[in-house]
Amino acid sequence: MSEHLTVVDHPLVQHKLTLMRDKGRSTAEFRQLLREITLLLAYEVTREIPLTTRHIETPMEEMDAPILAGKKMALVSILRAGNGMLDGVLELVPSARVGFVGLYRDEETLKPVQYYFKAPEGLKDRLVIAVDPMLATGNSSAAAIDLLKEAGATDIRFLCLLAAPEGVARMKEAHPDVHIVTAALDRELNSKGYIMPGLGDAGDRMFGTK
Ligand code: URA
């Protein structure tokens with residue numbers, strides 16, 4: 001655990017993650033578990049958002065009660081697997097605005113190329129939470145964060161389900177200011193860039209493709 005990385009070791013998160021890793025899980029079960037686990041991870045990624053107080057009256061007496069300071073949130077899905085994490089966060093923060101970043105890997109240069117970008121207005125005044133279940137090489141995640149910064153974002157967190165040490169290192173080098181929250185830090189990447197032991201291709205498992 002460091003300032004740059006939080007691994008959420010809550011028993012419910014760990015239990016649900018084990019169910020998701022199991023290759024026998026159906027698409028419907030995988031999607032449902034992703035939604036549930038994301039909600040729990042969202043609780044952690046929003047832990048430090050600032051509070052202020054509001055003067056209210058309970059049925060008993062008046063009080064100054066804590067309430068969110070009003071910094072608006074933008075949730076940004078890194079396509080396509082990031083979409084599977086939107087509902088879980090939105091359940092907890094229904095007023096968040098939502099953006100999308102689409103990148104593919106150029107087979108010759110191996111560099112990420114942008115094919116879609118749509119972000120809410122006023123990114124510079126928002127807490128931006130970028131979501132992608134798998135932080136593998138970190139190349140597309142780092143490129144997505146580059147785009148968000150170019151669009152004005154200054155306060156960015158990265159929420160994923162599984163991270164590989166290689167991806168964490170890449171993100172730390174490219175974006176040391178971006179805190180990563182994950183359910184697990186796995187052992188390594190294999191030669192094809194898959195996280196080991198991992199859970200396979202998150203997009204294929206949640207959308208039933210392949
Ligand atoms: N993307 C995935 O979906 N799975 C991995 O293991 C790595 C990247």
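## Proline 176, out in the open

A residue counts as exposed when its relative accessible area is over 50%. In this predicted model, proline 176 has a relative accessible area of 56%, so it is exposed. You will find proline 176 in the loop between helix H5 (165-174) and strand E11 (179-182).

What does proline 176 touch, leaving aside residues up to four places away in sequence? Its contacts are His4 and Met171. There is also a link in space to the start of the numbering worth viewing: glutamate 3 lies 173 residues from proline 176 in sequence, yet their C-alpha atoms are 9.4 Å apart.

## Strand E9 and its partners

Let's move on to strand E9 (residues 155-159), which is mostly covered, with four of its five residues buried. Strand E7 (residues 127-131) pairs with E9 in the parallel sense, over five bridges. Within that pairing, isoleucine 129 has arginine 157 of E9 as its bridge partner.

E9 also runs parallel to E11, and three bridges join the two. Here phenylalanine 158 is matched with isoleucine 180 in E11.

## The E8-E10-E12 sheet

Strands of a sheet pair through backbone hydrogen bonds, either parallel or antiparallel. Which kind of pairing holds the three strands E8, E10 and E12? The pairing is parallel, and the strands form an open sheet in the order E8-E10-E12. Strand E8 (134-135) and strand E12 (184-185) are the edge strands, each pairing on one side only.

Strand E10 (residues 162-163) is joined to E12 by two bridges, and these strands run parallel. For a residue to select in your viewer, try leucine 162: its bridge partner in E12 is alanine 184.

Definitions and conventions: Residues are numbered from 1 along each chain as its sequence is written. This is a predicted model: local features need pLDDT of at least 70, side-chain atom pairs count only at pLDDT 80 or more; totals for chains, interfaces and linings use all residues. Side-chain values use heavy atoms; hydrogens and water are left out. Two strands pair if DSSP finds at least two bridges between them. Buried means under 20% relative accessible area, exposed over 50%, partly exposed in between (1.4 Å probe, protein chains only). Contact means heavy atoms within 4.5 Å.
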